[in-house]
Amino acid sequence: MNPDCRRNKIGLLGPFSFGNLGNAALQQTLIEYLHKTFPDAEFYGCCIDPDAPAHAHQIQPFPINRHVPRPWKPESPVPSRTRKDEDSEEPHAIREWVERTPPFSGAYRRARTVRSDLNGVREELVFCYQAYRFAKEFRLLVVGLGGVFDEVWGGKWGDLYSYFRWAVLSRLAGTPLICLSVGVEEINTRLAKFFCRTALSLAAYYSFRDVESRQKVEAIGLTGEKHVFPDLAFALQQAECGGTPANHRDLRAVGVSPMAYCDPRFWPIKDLFAYQDYLKKLSSFVSWLLRNGYEVVLFPTQVIMDSIAIEELKALVLEELPPDLHPRLSIAKLHTVEECLVLLSQFGTVVTSRLHGIILASLASTPVLAISPASKVDRLMEDMEMREYLLNIRRIDLPLLINRFQSLEVHHEIVRHTMRRKVAKYRLAIQTQFDLVSRSGVLDL
């Protein structure tokens with residue numbers, strides 16, 4: 001599909017930055033696999049923040065949309081005029097008079113809106129042209145994130161449109177696009193369904209991380225063979241050496257990873273009461289752990305978004321505890337997947353709400369109590385035969401948390417054995433997918 005062997009670049013589509021260790025694990029897995037197939041390839045990753053530090057694999061940044069500064073064409077930058085620059089061109093006094101004088105004020109506002117929209121169209125066309133030229137230089141574009149097709153986060157004109165755009169441009173550029181173990185979340189509007197269906201239809205290969213995702217794309221009219229393979233993070237190679245032997249674990253150490261669930265500062269569905277209620281119930285459980293002789297470490301798997309939730313949870317817990325128990329509660333500052341795996345391997349139990357919090361804990365063979373905010377977490381825990389330790393985030397209370405935690409402690413070794421068996425099964429399935437993609441000819445030079 002791409003016979004030009006001079007193309008030695010591979011692009012990883014998806015917002016791999018913004019502190020998400022789950023996305024970082026997916027990116028590392030993709031690079032480990034692709035590096036074996038293309039040892040001389042240069043890797044590029046979409047970044048929300050292009051100035052973020054590069055990973056150990058020396059990944060070069062490029063933007064997933066036009067709202068991110070474009071460091072990948074420094075020789076031909078596209079100047080972007082700000083509103084302040086535009087306004088300065090108009091006589092200040094005249095503009096103020098027009099803005100406060102009917103009927104001129106309404107017409108002036110409408111004209112500014114039209115001008116802004118036209119500028120947006122111009123900038124989008126410029127971005128598409130440069131992105132097309134960018135794609136032409138590449139051997140392959142890969143989508144390997146989890147829930148990439150989702151209308152809730154960013155709306156239909158957010159990441160959904162970005163993947164649609166890159167799928168169209170990659171087809172025009174003659175560069176194969178493959179989607180590996182992707183997740184499909186909320187796709188409700190007609191336009192969102194069109195973006196999702198078209199992007200997948202233009203892909204040279206696609207697969208889904210769970211049966212639910214496959215059913216959702218079938219419902220919106222996607223035809224063709226639809227493979228289902230586990231989340232790519234299960235195949236992370238570093239996991240083989242990141243764990244700590246079982247006799248080095250502290251079974252009285254509990255890792256708790258809260259999330260910014262419904263936090264109006266971050267979450268697309270803004271519900272302050274739900275966020276505060278979640279933290280309050282979780283703080284009561286953490287206080288119970290500390291009063292009963294456990295050591296608790298609060299840690300993030302989304303190191304930017306969840307850090308505030310961690311600090312606020314800690315404050316709630318310390319309000320409930322006598323000062324002599326305060327040293328038993330600590331916060332772990334994490335920056336890399338490797339640091340997270342080492343930390344997880346030191347716990348006896350982990351309490352988390354994020355999907356990749358569960359996956360990373362599974363790689364460290366650490367039993368998990370999952371407080372689920374979404375069906376994707378439910379499906380994973382059920383498939384891992386751990387439904388007994390799955391709780392709905394809207395229906396938790398202290399007695400229920402204590403009951404399930406104590407049950408998890410009683411069956412600790414059985415759960416660890418089940419997790420190791422499931423992870424081995426998932427790793428084999430993901431390798432089968434990589435072999436399938438290789439045999440399909442998509443990666444042929």
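What span should the 14 residues of helix α10 have at 1.5 Å a residue, and how far apart are its end C-alpha atoms?

**Entry 1, helix α10.** I started with this helix in what is a predicted model. For α10, residues 307–320, I find an expected span of 20 Å, and the end C-alpha atoms lie 21 Å apart, which agrees. I then looked up which of its residues are shielded, and noted A309, I310, L313 and V317 as buried in α10. These four cover an arc of only 100 degrees around the axis, which puts them on the same side of α10. I recalled here that an α-helix has 3.6 residues a turn, so residues three or four places apart point the same way. Turning to what the buried residues of α10 pack against, I listed two strands before and after it in my notes, β9 (295–298) and β10 (329–331), together with β8 (250–257) and helix α9 (272–291).

**Entry 2, helix α15.** I repeated the length check on α15, where 29 residues at 1.5 Å a residue should span 42 Å, and the end C-alpha atoms are indeed 42 Å apart, which agrees. Just after α15 I came to G441, whose phi is positive, near 90 degrees.

**Entry 3, α12 against α15.** I next took the packing of helix α12 (residues 355–363) on helix α15 (residues 412–440), for which the axes are 9 Å apart and the angle is about 105 degrees. Since 65 to 115 degrees counts as roughly perpendicular, α12 and α15 are therefore roughly perpendicular to each other. On the α12 side I recorded A361, S362 and L363, which meet M419, V423 and R427 of α15. Sorted by class, the residues of this contact of α12 with α15 are four nonpolar, one polar and one charged.

**Entry 4, α1 against α11.** I then looked at helix α1 (residues 21–37) and helix α11 (residues 337–344), whose axes come within 9 Å and cross at roughly 110 degrees. The pair α1 and α11 is therefore roughly perpendicular as well. In α1 the residues I noted are L21, A24, A25 and Q28, and they meet V337, E338 and C340 in α11. The contact of α1 with α11 comprises five nonpolar residues, one polar and one charged.

**Entry 5, the whole chain.** Last, I stepped back to the protein chain, in which I count 15 helices and 13 strands. Of its 445 residues, 53% count as buried. Among contacts in the protein chain with a separation of 6 or more, 72% are between residues 24 or more positions apart.

Methods:
Residues numbered from 1 in each chain as written. Predicted model: local features only at pLDDT ≥ 70, side-chain atom pairs only at ≥ 80, totals over all residues. Heavy atoms only, no water. Axes fitted to C-alpha atoms, helices over the stretch in contact; angles between N-to-C directions. Parallel < 35°, antiparallel > 145°, perpendicular 65-115°, else oblique. Contact = heavy atoms within 4.5 Å. Nonpolar A, V, L, I, M, F, W, Y, C, P; charged D, E, K, R; others polar. Expected span 1.5 Å × (residues − 1). Buried < 20%, exposed > 50% of the residue type's maximum accessible area, 1.4 Å probe, protein only. Arc of directions from axis to C-beta.
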